Amino acid sequence: FWLKRRLDRAAPPPPSLARAGLPQRPLPASMGESFSRSVQACWDPEGTAAIIRKKKAQRAAINDYVAKLDMLDNSGPSEKEGIANQIRNMDREMMKKQEGKFWRELQEHTDWPRIKERRDAAGIA
């Protein structure tokens, strides 16, 4: 009862969120996920820390790829091959991490398809 009244009195979202089509209120599932993550962190702090480290490493790698691809887009014709080689070297480094497991999981990341599209457009296999 009190929760319903409280939600009814909630302020409307900022116009930028409404235009972007983002949800105006958190969905009940997202509240449950937050609770689940909190409980998991208490029960298995080492496992949670490993997940966080993995996600940070993936984010750093994705940011590096995006930066290199931005450099490639903004470079002149004489610099493009050197930057493409840097990207290929990054690929080899990522493939070596954790006996290839990091590379496979990186390619499963939600941001990877956009990076793959940009690589394909630039002719980097």
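**Packing of α4 on α5, and what follows along the chain**

In this predicted model, helix α4 goes past helix α5 in a left-handed crossing. The residues doing the touching are A61, D64, Y65, K68, L69, M71, L72 and D73 on the α4 side, and K80, I83, A84, Q86, I87, M90, D91 and M94 on the α5 side. Sorted by class, this contact comes out as 10 nonpolar, one polar and five charged residues.

As for geometry, a pair of packed helices is described by how far apart the axes are and by the angle between them. Here α4 spans residues 45-74 and α5 spans residues 77-96; their axes come within 9 Å and cross at roughly 165 degrees. An angle over 145 degrees counts as roughly antiparallel, so that is how α4 and α5 run relative to each other.

Past α5, the backbone does something worth a look in the loop that leads to α6 (101-107). Q98 sits in this loop and has a phi near 50 degrees, a positive value in a residue other than glycine. E99 belongs to the loop between α5 and α6 as well, and its phi, near 55 degrees, is again positive in a residue that is not glycine. How much of each side is open to solvent can be put in numbers too: Q98 is partly exposed, at a relative accessible area of 46%, while E99 counts as exposed, at 74%.

Next comes helix α7, made up of residues 112-122. Its buried residues are W112, I115 and R119. Looking down the axis of α7, these buried residues fall within an arc of 60 degrees, so they line one face of the helix. What do the buried residues of α7 pack against? Their partners are α4, α5 and α6, which ties α7 back to the helix pair described at the start. The face of α7 turned away from the buried side carries R114, E117 and A121, which are exposed. Helix α7 thus has W112, I115 and R119 buried, with exposed residues on the face pointing away from them. Just after α7, the chain reaches G123, which takes a positive phi of about 80 degrees.

Terms used:
Residues are numbered from 1 along each chain as its sequence is written. This is a predicted model: local features need pLDDT of at least 70, side-chain atom pairs count only at pLDDT 80 or more; totals for chains, interfaces and linings use all residues. Side-chain values use heavy atoms; hydrogens and water are left out. Axes are lines fitted to C-alpha atoms, for helices over the stretch in contact, and angles run from 0 to 180 degrees between N-to-C directions. Helices (H or I, at least four residues) and strands (E, at least two) are DSSP runs, numbered from the N terminus. Angles under 35 degrees count as roughly parallel, over 145 as roughly antiparallel, 65 to 115 as roughly perpendicular and the rest as oblique. A crossing is left-handed if the near helix is turned anticlockwise from the far one by less than a right angle, and right-handed if clockwise. Contact means heavy atoms within 4.5 Å. Ala, Val, Leu, Ile, Met, Phe, Trp, Tyr, Cys and Pro count as nonpolar, Asp, Glu, Lys and Arg as charged, and the others, Gly among them, as polar. Buried means under 20% relative accessible area, exposed over 50%, partly exposed in between (1.4 Å probe, protein chains only). The arc is that of the directions from the helix axis to the C-beta atoms.
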